[in-house]
Structures are given as structure tokens and as C-alpha cells.
Amino acid sequence: MTIEPAKILLFGVGLGPGDPDYMTVRARDLILKADRLVHFCKRGRRGNARVTADAIVPPDPAREIELAFPVTTEAAVGDEAYDGPIAAFYDAAAERLAAEMAAGRTLAVLCDGDPFFYGSFMHLWRRLAHRFPTEVVPGVTGMAGAWTRANAPITWGDDVLSVLPGTLPEAELVRRLVDTDAAVIMKLGRNLPKVRRALKIAGLVHRAIYVERATMAGQVVSRLDDKPDDEAPYFSMVLVPGEGRRL
Ligand SMILES: C[S@@+](CC[C@H](N)C(=O)[O-])C[C@H]1O[C@@H](n2cnc3c(N)ncnc32)[C@H](O)[C@@H]1O
């Protein structure tokens, strides 16, 4: 008897940093073929990953499933006012997708960057991957898009790279920044003043590069020193390139 491999129903599809040209062939194929395109968004707005996919598949209400977050601003680590509603949201979203898959439909969950790198998809994956055959399709991360567009090689030789969420407390950011060769600081938003202070204390602010909407329309790249304000949208990060061994 031959055992047929189970049909994959759930795909977590990394779409890359924003420019659709950086999408993988596998990602493109899946968003053309999946029965349903699933994306996360703010209430009343299309999600960024869905906008990235517009280059391949125009909006089609009959094929779309929108998962609108109840809370959207980045919270401090361990903030219970954020964690409670958002966990309930993921529970409900997972059950909605489970019903689609129980009816035999394939789902492509569209993800910014790579699905397993700070991705919302991971919370669905944790609830569903043991119940339904699942494939995760890697994508080019936002930080790879940022350091290439900033023309800034991030690690040389044996440089250690630290990836830090800007939501960390200031003292924790400083501790980790003084102990690394290179850094990527994600989730800036309203955390930028704190991140700037931490970089100053760690003696790294003059090496820091601010990147907004890397590879997307409206991309901004500048030295952090040259940025006059502390406004930072959701899609922004700070890079501190390493200065290790150059041969
Ligand atoms: C929840 S994480 C998702 C990361 C994503 N899965 C990835 O692989 O890049 C969101 C954070 O990623 C960063 N980010 C992702 N794409 C970006 C881009 N194209 N330009 C600037 N920042 C980006 C921002 O710091 C943002 O706050």
C-alpha cells in the first residue's frame, strides 16, 4: 500500500521586504494558486503584505480573508493589556481558518518578510500546524532589504549581530548594544527617542543608520544623526553595521 503524502492546506508565505521583485518563485506560485489569500491588517485598512501581493494578484473579495487586529500599536514586553485581547484574536482567527481547511480549501497566509522572523503568522502556526498539513515558505527579511538599500554590509569576519526589538527597556538596549559588534533595532515606532538615547549611551549613535519602508514606495535611508525628528512609522528600523575584519 502506498501512503499518499497529506495535501498541504496551510501555507505561511513570506513575501519579502516589500518590493514584489524580491518575492520567491514559490511564494508567487502559491499566491496565484491557493484557494484563499489570508492577510493581517488594521481595522478598515489593507495589510502591507496584501499590498505587496497586488503586483501578482489584484484584490478579489471572494478569495480574501482579512484578519483585523483588535490592538495594533507595539506594546511594552509582557504588557497584559495587549497580550489578553491579542491571544483571543489569534484563537478566533485560527478557528476561522480551521473551518476553511476542514472544508478542503488551501490557505496562503501572506507574511511580510519571513514568516518565522517576528511574524504574526507564528501565532497561527502554533495553533494550527499540528492539526493541518502546513508548509512555511521563507522570505527575504525586512532587515536584509534595509541593509542592502542602505548599502551597508552588516557583518564582517566574525562580527556578532544582535537583533533587538525597540520595545525593550532602555537599560536592556544599552546592555546589549555595548556587548555586540553590529545591531538591527526593529519595532521603532514611538520607541525611537529611547532607542536614540540607548545608542548614545552605548557610543554607537554616530554609526547608526535609520531606514524607513525599505524597498517599498516612500523608502527613506539616512544617518540617524541627520534625522531631525523622532517620528518613525511601523516599517522602520535602525542598523548599526559591524566594523569587523575586512580583507
Ligand atoms: C513584526 S516585525 C516583522 C518582521 C518580518 N517578518 C521580517 O521578516 O522582516 C515588524 C518589524 O519589522 C521591521 N520591518 C519589516 N520590514 C521592513 C521594511 N521593509 N522596512 C523597514 N522595516 C521593516 C520593522 O522594524 C517592523 O516594526
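**Entry 1: around the ligand**

I started at the ligand and looked up which element contributes to its shell, and I noted that α5 gives the most, with 3 residues. I keep in mind throughout that this is a predicted model. Both α5 (142–149) and β10 (236–240) supply at least two residues of the shell each. I then listed the residues around the ligand, 24 in number, and wrote down that G113, T141, G142, M186 and A214 come nearest. Sorting the shell by class, I found 12 nonpolar, 8 polar and 4 charged residues. I also looked up where the shell comes from, and at least three of its residues are drawn from each of domain 1 (10–140) and domain 2 (143–240).

**Entry 2: the two domains**

That sent me to the domain assignment, which gives the protein chain a domain 1 covering 10–140 and a domain 2 covering 143–240. Taken over C-alpha atoms, the centres of domain 1 and domain 2 are separated by 26 Å. To their contact, domain 1 brings 11 residues and domain 2 brings 12 residues. On the side of domain 1 that touches domain 2, I counted off 6 nonpolar, 3 polar and 2 charged residues.

**Entry 3: the parallel sheet**

Next I traced a sheet of 5 strands, which is open, has parallel pairing, and follows the order β3-β2-β4-β1-β5. I asked myself why one side of β3 and of β5 is left without a neighbour in the sheet. The reason is that β3 (64–69) and β5 (134–137) stand at the edges and each has a single partner strand, so one side of each stays unpaired in the sheet. From one strand to the next, the twist of this sheet averages 20°.

I then took a single pair, β2 (residues 36–42) and β3, and noted that they run parallel and are joined by 6 bridges. As an example of a partner, H39 is matched in β3 by E66. I also followed helix α1 (residues 25–33), which lies across β1 (10–14), β2, β4 (107–111) and β5 and runs at about 130° to β1.

**Entry 4: the mixed sheet**

The other sheet I looked up is open as well, with 5 strands in the order β6-β7-β10-β8-β9 and mixed pairing. A reminder to myself: strands of a sheet pair through backbone hydrogen bonds, and they do so either parallel or antiparallel. Here the edge strands are β6 (161–165) and β9 (220–223), each of which pairs on one side only. The twist in this mixed sheet averages 15° from one strand to the next.

For the antiparallel sense I picked β7 (residues 182–186) and β10, which pair over 3 bridges. Within that pair, A183 has V240 as its bridge partner in β10. I came back here to α5, which packs on the sheet and touches β7, β8 (209–212), β9 and β10, with its direction at about 60° to that of β10.

**Entry 5: one residue, A150**

Last, I went to A150, which lies in the loop between α5 and β6. Is A150 buried or exposed? I found 20 C-beta neighbours inside 10 Å, and because a residue is called buried at 20 or more, A150 counts as buried. Leaving out residues up to four places away in sequence, A150 touches I209, V211, V221 and L239. Finally I compared A150 with I56, and from C-alpha to C-alpha they are 27 Å apart in space, with their positions 94 residues apart in sequence.

Terms used: Residues are numbered from 1 along each chain as its sequence is written. This is a predicted model: local features need pLDDT of at least 70, side-chain atom pairs count only at pLDDT 80 or more; totals for chains, interfaces and linings use all residues. Domain bounds come from an automatic or database domain assignment. Two residues are in contact if their C-beta atoms, placed from the backbone, lie within 7 Å. Ala, Val, Leu, Ile, Met, Phe, Trp, Tyr, Cys and Pro count as nonpolar, Asp, Glu, Lys and Arg as charged, and the others, Gly among them, as polar. A residue is near a molecule or strand if its C-beta atom, placed from the backbone, lies within 6 Å of it. Helices (H or I, at least four residues) and strands (E, at least two) are DSSP runs, numbered from the N terminus. Two strands pair if DSSP finds at least two bridges between them. Axes are lines fitted to C-alpha atoms, for helices over the stretch in contact, and angles run from 0 to 180 degrees between N-to-C directions. A residue is buried if 20 or more other C-beta atoms lie within 10 Å of its own, exposed if 12 or fewer, and partly exposed in between; C-beta atoms are placed from the backbone.
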